[in-house]
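Here are some exercises to work through at your own pace, with the sequence and the model side by side. Try each task before you read its solution.

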Amino acid sequence: MLITCPYCGPRDVIEFTYQGDGNRERPDPASQNFEAWNAYVYDRLNPAGDHNEIWQHSGGCRAHLRVVRNTLTHEISKVTFVRGDHSSAARRKAEDKS
Ligand SMILES: [Zn+2]
């Protein structure tokens, strides 16, 4: 399986680390809504089809990526940076070259 990192280009999945379900929303840290915290910690979607996932390019630029992967075919339809900009990844890569 190939994942196309927006910064590095297509790379084998062995360079990436799965970081979890990309659909979860963390409750407010001050919240004492135990149902919301229970859902955040334990509830997971298990779709047969497109699934939002977080992957880290741990063997490359180390950026965290939001990946839409079809769980039936492993086809990847979308890859974006989790934080929207890649300035930190670009800065690290420039520092590695110096
Ligand atoms: Zn990368």
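**Exercise 1. An unusual backbone angle**

In which loop does Arg62 lie? Find the place, then look at the backbone angle and the accessibility of this residue.

Solution. Keep in mind that this is a predicted model. Step one: Arg62 sits in the loop between E4 and E5. Step two: the phi of Arg62 is positive, about 70 degrees, although the residue is not a glycine. Most residues other than glycine have a negative phi. Step three: Arg62 has 43% relative accessibility and therefore counts as partly exposed.

Now look for a second case. His74 has a phi near 65 degrees, again a positive value in a residue other than glycine. His74 is found in the loop between E5 and E6. With 44% relative accessibility, His74 counts as partly exposed.

**Exercise 2. The fold in outline**

How many helices and strands does the chain have, and what pattern do they follow along the sequence?

Solution. Begin with the count: two helices and six strands. Reading along the sequence then gives β-β-β-α-β-β-β-α. As for burial, 29% of the 98 residues count as buried. Finally, consider contacts between residues at least 6 apart in sequence: 47% of them join residues at least 24 apart.

**Exercise 3. Strand order and edges**

In what order do the four strands of the open sheet stand? Work out which strands are at the edges.

Solution. The order is E3-E4-E5-E6, and the pairing is antiparallel. E3 (17-21) and E6 each have a single partner strand, so these edge strands are left with one side that has no neighbour in the sheet. From one strand to the next, the twist averages 30 degrees.

Next, zoom in on one pair. E5 and E6 run antiparallel and are joined by five bridges. Within this pair, Arg69 stands opposite Ile76 in E6.

The other pairing to trace is that of E1 and E2. These two strands form a hairpin with three residues between them. Four bridges join E1 to E2, and the two run antiparallel. Thr4 has Pro10 in E2 as its bridge partner.

**Exercise 4. The zinc site**

Which residues are the protein donors of the zinc ion, and why is their arrangement tetrahedral?

Solution. First list the donor atoms: Cys5 (SG), Cys8 (SG), His57 (ND1) and Cys61 (SG), at 2.1 to 2.5 Å from the zinc ion. Then check the angles. The four donor atoms subtend 104 to 120 degrees around the zinc ion, and the arrangement is therefore tetrahedral; the criterion is that all angles lie between 85 and 135 degrees. Along the chain, the donors follow the spacing C-x2-C-x48-H-x3-C.

Now place two of the donors. Cys8 lies in the loop between E1 (2-5) and E2 (9-12), and Cys61 in the loop between E4 (50-56) and E5, so the pair ties together parts that are 53 residues apart in sequence. Cys8 has 14% relative accessibility and therefore counts as buried. Cys61, at 6% relative accessibility, also counts as buried.

**Exercise 5. Two salt bridges**

Which residue forms a salt bridge with Glu53, and are the two residues buried or exposed?

Solution. The structure holds two salt bridges. Glu53 pairs with Arg69, with their closest N and O atoms 2.7 Å apart. This pair links distant parts of the chain, as Glu53 is in E4 and Arg69 in E5, 16 residues apart. Both Glu53 and Arg69 are buried.

Turn to the other pair. Glu15 forms a salt bridge with Arg11, and their closest N and O atoms are 3.8 Å apart. Glu15 counts as partly exposed at 24% relative accessibility, and Arg11 counts as partly exposed at 28%.

**Exercise 6. The surroundings of Glu75**

Where does Glu75 lie, and which residues does it touch?

Solution. Glu75 is in the loop between E5 (64-70) and E6 (76-81). Leaving out residues up to four places away in sequence, Glu75 touches Val68, Arg69 and Asn70. Since its relative accessibility is 53%, Glu75 counts as exposed; the cut-off for that class is over 50%. One last distance: Glu75 and Ile3 are 72 residues apart in sequence, and their C-alpha atoms are 9.5 Å apart in space.

Methods: Residues numbered from 1 in each chain as written. Predicted model: local features only at pLDDT ≥ 70, side-chain atom pairs only at ≥ 80, totals over all residues. Heavy atoms only, no water. Buried < 20%, exposed > 50% of the residue type's maximum accessible area, 1.4 Å probe, protein only. Contact = heavy atoms within 4.5 Å. Pairing = 2+ DSSP bridges. Axes fitted to C-alpha atoms, helices over the stretch in contact; angles between N-to-C directions. Donors = N, O, S within 2.8 Å, 3.2 Å for Na, K, Ca; no water. Tetrahedral: all angles 85-135°; square planar, octahedral: opposite > 155°, others 65-115°. Salt bridge = Lys/Arg side-chain N within 4 Å of Asp/Glu carboxyl O.
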